[in-house]
Amino acid sequence: MVIPWVGFPLAELIKRVEPTGNAKFVEFYTLNDPKQMPGLSSSVLAWPYVEGLRMDEANSPLTLLAFGLYGEVLPNQNGAPLRLVVPWKYGFKSNKSLVKIRFVEKQPVTSWNRSAPQEYGFFSNVNPNVDHPRWSQATERRIGEDGFIQRKRPTLMFNGYADQVAGLYAGMDLKRFY
Amino acid sequence: MRAWTSSASTEARAPARHGGVPRALPAIKAALFVLALLPLARLLGAGVFGWFGGLGANPIELITRSTGTWTLVCLCASLAVTPLRRATGLNWLVRLRRMIGLFAFFYAVLHLGTYVWFDQWFDLRAIVSDVIKRPFITVGFAAFVLMVPLAVTSTDAMVRRLGRRWGTVHKLVYLVAVAAVLHYWWHKSGKNDYSEVGWYAAAVVLMLGWRVFDRLRVRSQARSQAQARG
């Protein structure tokens, strides 16, 4: 699904808060309020939901803090009032309903990485060449554009943003750092 | 122990302990047939007419999961026939077993077919690599393959032709049930979400466990009778 988000680059916020040189990673926390979010009663993850980015990823102009979509204010289900959007990574990297952003020295232990490290790595880049253990990621069906009675389309490297972000991972073995 | 037996089997001819076959059996069978088609009707209604809120954002996933679930439900139901028959004395229940088993196969065909057609679009290379590389698909595919001989030998003619061996062949259903649960279990393992698959695993363990227990009980009874005689 290709979504027109409304937001501003996270880099703008980072510039304003002036983190020290020790900040190597950014850690994002989602609201943990079982009263509003009944799904939190599930024991699938250790709540609150935590994600992280490397500093250079966070500073990419593609990394957004979004407060709207389709020209409207974010509905609750899409992560109101403010969420992260990292378009070249799988959806679970983009925390909804942010309540805390920390600058840290060590690579954050993200929720999915902690729950199933063999399946979910820290980077989670869209990468058709690296299979998820339980499925191939080489093809996709774009919701709203592709009918489901048709062949799936090939997935693009970095979700089509290779020109903008491939440089961040130069020299890295993306099979190991998935 | 016979799995999906037919109306021509010996059990049907043997005198029932409690009153034999009910008059309403044809009606019960017809009702069961309609009941077992409801999951398919729901998917068709949702897909074609948008009933029940439609098929959602990811129709292929919903169809795959629904048909997989109903395969497992039918498998569990077919395994429940014998313990239920023993507990209630309603021997005619066995007359329903072939239909339940064939519905399990029917939903398994839809489940695999959805994957092969809509998910993989007949991309044989991708399918073969999936079956080889991913244990949850390997074991699911194995479960399907093992169901084929059961479906093929479900006709009256095959039951007669195989005679005693029919029961032996149909013991495969135990393997099918274990493989099917494992398929679902491993599928859920990535998110450590066993809330639903746990029930199916418990049901299969319970019903296979009952058979082991029953077998041991019969054996020890036979032994004590032999001792009494000797």
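This passage walks through a predicted model, taking chain B, its contact with chain A and then chain A in turn.

Chain B is a helical chain through and through: the count is 10 helices and zero strands. Reading along its sequence therefore gives nothing but α elements, in the pattern α-α-α-α-α-α-α-α-α-α. The C-alpha trace of chain B spans about 70 × 40 × 35 Å along its principal axes. Of the 230 residues in chain B, 29% are buried. Sequence-distant contacts feature heavily here, since among contacts between residues at least 6 apart in sequence, 70% join residues at least 24 apart.

Two of these helices are worth a stop. Helix α2 of chain B takes in residues 25-49, which is 25 residues. From its first C-alpha to its last, α2(B) reaches 34 Å, close to the 36 Å expected at 1.5 Å a residue. That agreement comes with a kink, though: α2(B) turns by about 40° at Leu38(B). The kink sits shortly before a proline, Pro39(B). Just past the end of the helix comes Gly50(B), with a positive phi near 70°.

Helix α4 of chain B (residues 97-119) tells a similar story. Its 23 residues should span 33 Å at 1.5 Å a residue, and the end C-alpha atoms are 32 Å apart, so the expected and modelled spans agree. A bend is found here too, of about 25°, at Gly113(B). What follows α4(B) is Trp121(B), whose phi is positive and near 50°. Phe122(B) also has a positive phi, of about 60°, although it is not a glycine. Phe122(B) belongs to the loop between α4 and α5 of chain B. With 9 other C-beta atoms within 10 Å, Phe122(B) falls under the cut-off of 12 or fewer and therefore counts as exposed.

Now to where the chains meet. The contact involves 14 residues of chain B and 11 residues of chain A. On the chain B side, the elements giving two or more residues are α3 (59-88) and α5 (124-133). Sorted by class, that side of chain B has seven nonpolar, three polar and four charged residues.

Over in chain A, an open sheet of three strands can be picked out, with the order β3-β2-β7 and antiparallel pairing. Strands β3 (50-54) and β7 (98-104) stand at the edges with a single partner strand each, so one side of each has no neighbour in the sheet. Neighbouring strands of this sheet are turned by 20° against each other on average, direction ignored. Strand β2(A), residues 25-30, is joined to β7(A) by six bridges, while its antiparallel pairing with β3(A) runs over five bridges.

One residue of β2(A) shows both pairings at once. Val26(A) stands opposite Phe103(A) in β7(A), and it also stands opposite Leu53(A) in β3(A). The two faces of β2(A) differ in cover. Val26(A), Phe28(A) and Thr30(A) make up the covered face, whereas Phe25(A), Glu27(A) and Tyr29(A) make up the uncovered one.

The loops of chain A hold some backbone oddities. A cis peptide bond leads from Trp47(A) to Pro48(A), with omega near 0°. Pro48(A) has its place in the loop between β2 and β3 of chain A, two strands that pair in the sheet described above. Another cis bond joins Ala80(A) and Pro81(A), where omega is about -5°. Pro81(A) is found in the loop between β5 (72-73) and β6 (83-85) of chain A.

Ser124(A) brings a positive phi, near 55°, in a residue other than glycine. Ser124(A) sits in the loop between α3 (111-115) and β8 (139-140) of chain A. Its C-beta has 21 others within 10 Å, and because the threshold is 20 or more, Ser124(A) is buried despite being a loop residue.

Further along, Asp173(A) lies in the segment after α4 (162-165) of chain A. Asp173(A) is exposed, with 9 other C-beta atoms within 10 Å. C-alpha to C-alpha, Asp173(A) and Ile149(A) are 36 Å apart in space, and 24 residues separate them in sequence.

Methods
Residues numbered from 1 in each chain as written. Chains lettered and ligands numbered in written order. Predicted model: local features only at pLDDT ≥ 70, side-chain atom pairs only at ≥ 80, totals over all residues. Pairing = 2+ DSSP bridges. Helix = DSSP H or I, 4+ residues; strand = E, 2+ residues; numbered from the N terminus. Axes fitted to C-alpha atoms, helices over the stretch in contact; angles between N-to-C directions. Contact = placed C-beta atoms within 7 Å. Nonpolar A, V, L, I, M, F, W, Y, C, P; charged D, E, K, R; others polar. Expected span 1.5 Å × (residues − 1). Bend = angle between axes of the 7 residues up to and from the residue.
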